[in-house]
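Trainee: I am new to this structure, and I would like to understand how each statement about it is justified. Could we look at it together?

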Amino acid sequence: MQLQKRLNKMIEPGGTIGILGGGQLGRMLAMAAAQIGYRCISYTPENDHVVGDVCQDVFVNNWDDAQAMAAFAKKCDVVTWEFENVPVEPLRPLEDRLAPHPRALETAQDRLNEKRFIERLGGRPAPFVTVDSREDLRQAVERLGTPGILKTRRDGYDGKGQWRIDVARDVEGIAVPDTACVYEGFVTFEAEFSVILARAASGARVFWDSPANVHRDGILSTSSLPSGKTIEAQIEEARALAAQVSDALGYVGVLTLEFFATKEGPVFNEMAPRVHNSGHWTIEGAATSQFENHIRAICGLPLGDTRTIAPGVEMTNIVGKDAHTAANWLDQADTHLHLYGKAKARKGRKMGHATRLIWD
Ligand code: AMP
């Protein structure tokens with residue numbers, strides 16, 4: 001409630017925004033915040049963070065260092081996150097200044113909670129069964145069939161913590177992780193897309209156009225618009241679910257839901273209670289970016305226009321060693337290169353992205 005009160009009163013430019021996490025999303029949030037006059041500081045356990053170039057201060061401490069967290073929070077008018085696996089318990093003392101509310105983290109950090117939450121709201125997740133042992137997995141595969149994907153309930157991202165099961169005997173060959181999992185039936189989809197929205201404390205809500213997303217090895221490769229007829233026909237239903245999710249969570253900020261477009265309509269894949277990689281195109285491709293609208297929402301400012309400004313937009317992720325040839329993007333018309341300043345181009349690591357606006 002205290003935050004609600006705070007946001008009915010705008011946080012004045014010049015105020016300090018705390019960002020939990022030190023990755024590229026934090027970096028782009030801080031750049032958007034600076035444009036409209038806010039200062040950012042970051043809190044991250046990672047020494048090799050990429051927010052330092054654009055934040056006034058970086059607290060490098062473990063999440064459970066209560067003293068450091070309190071000292072950080074004391075400097076902030078509002079605290080947000082760029083990383084959805086921030087443990088929730090250490091955030092309890094900060095609740096009066098957190099946006100979005102940490103209940104969004106609690107819901108999204110556990111795939112099982114998330115799927116049940118979506119089902120309660122009338123949405124349709126991929127078919128799933130909980131798995132805590134190899135025997136559970138055998139039974140899950142018997143029930144849902146193959147192919148399917150075993151996923152850890154917590155801490156998975158970019159295809160990590162996932163094992164594909166093509167035939168039943170694969171169950172005997174994989175090292176079933178020593179942690180709670182779900183087995184998901186493989187969804188036969190025609191395309192993938194995301195719904196990205198920003199919601200203000202007042203309940204006002206805006207959506208960006210939904211891009212078609214293509215993944216490679218479990219990592220987003222491209223997001224493009226227009227997204228095509230199959231996706232366009234399913235956006236209304238997907239948006240209605242995303243709107244319900246944001247209302248149910250009393251959400252403030254940018255929220256992303258990922259969907260499979262199937263013959264039977266949109267199937268929910270997962271949600272991210274934060275700005276999202278499939279929204280990076282909005283920096284140059286929309287009237288207001290996802291990063292700026294997140295800052296506006298958590299500071300109690302009016303949300304900006306989300307219109308797409310070109311007939312076509314394509315965002316391509318620059319992953320791993322492709323970073324070494326990233327400068328090639330600079331030769332192309334109306335193409336905007338972003339590099340995140342990461343020192344090592346490890347395999348599968350997101351190093352940057354390029355957004356191309358397509359006018360003909
Ligand atoms: P996730 O990290 O769960 O979003 O998975 C990354 C990507 O793997 C998705 O965007 C899909 O391309 C693919 N994938 C994950 N789960 C499924 C599923 N149940 N059926 C089909 N493809 C999936």
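Mentor: What follows is a conversation about the ligand, its surroundings and the domains.

Mentor: This is a predicted model, in which local features need pLDDT of at least 70 and side-chain atom pairs count only at pLDDT 80 or more, while totals for chains, interfaces and linings use all residues. Residues are numbered from 1 along each chain as its sequence is written, and side-chain values use heavy atoms, with hydrogens and water left out.

Trainee: What makes a residue one of the 15 that surround the ligand?

Mentor: A residue counts as near the ligand if one of its heavy atoms lies within 4 Å of it; 15 residues surround the ligand, and the closest include Lys-151 and Glu-270.

Trainee: Why is the pair between Glu-192 and the ligand called a polar contact?

Mentor: A polar contact is a pair of N or O atoms within 3.5 Å (within protein, one must be able to donate a hydrogen and the other to accept it, and residues adjacent in sequence count only if both atoms are side-chain atoms). A polar side-chain atom of Glu-192 lies 2.6 Å from a ligand oxygen, so the pair qualifies. The side chain of Asn-269 has an N or O atom 2.9 Å from an oxygen of the ligand, and for Arg-111 the corresponding value is 3.4 Å, so these pairs qualify too.

Trainee: How much of the ligand's accessible area does the protein cover?

Mentor: By the Shrake-Rupley method with a 1.4 Å probe, the protein covers 93% of the 470 Å² that the ligand has on its own.

Trainee: Which domains give at least three residues each to the shell?

Mentor: Domain 2 (127–185) and domain 3 (191–358) do, with bounds that come from an automatic or database domain assignment.
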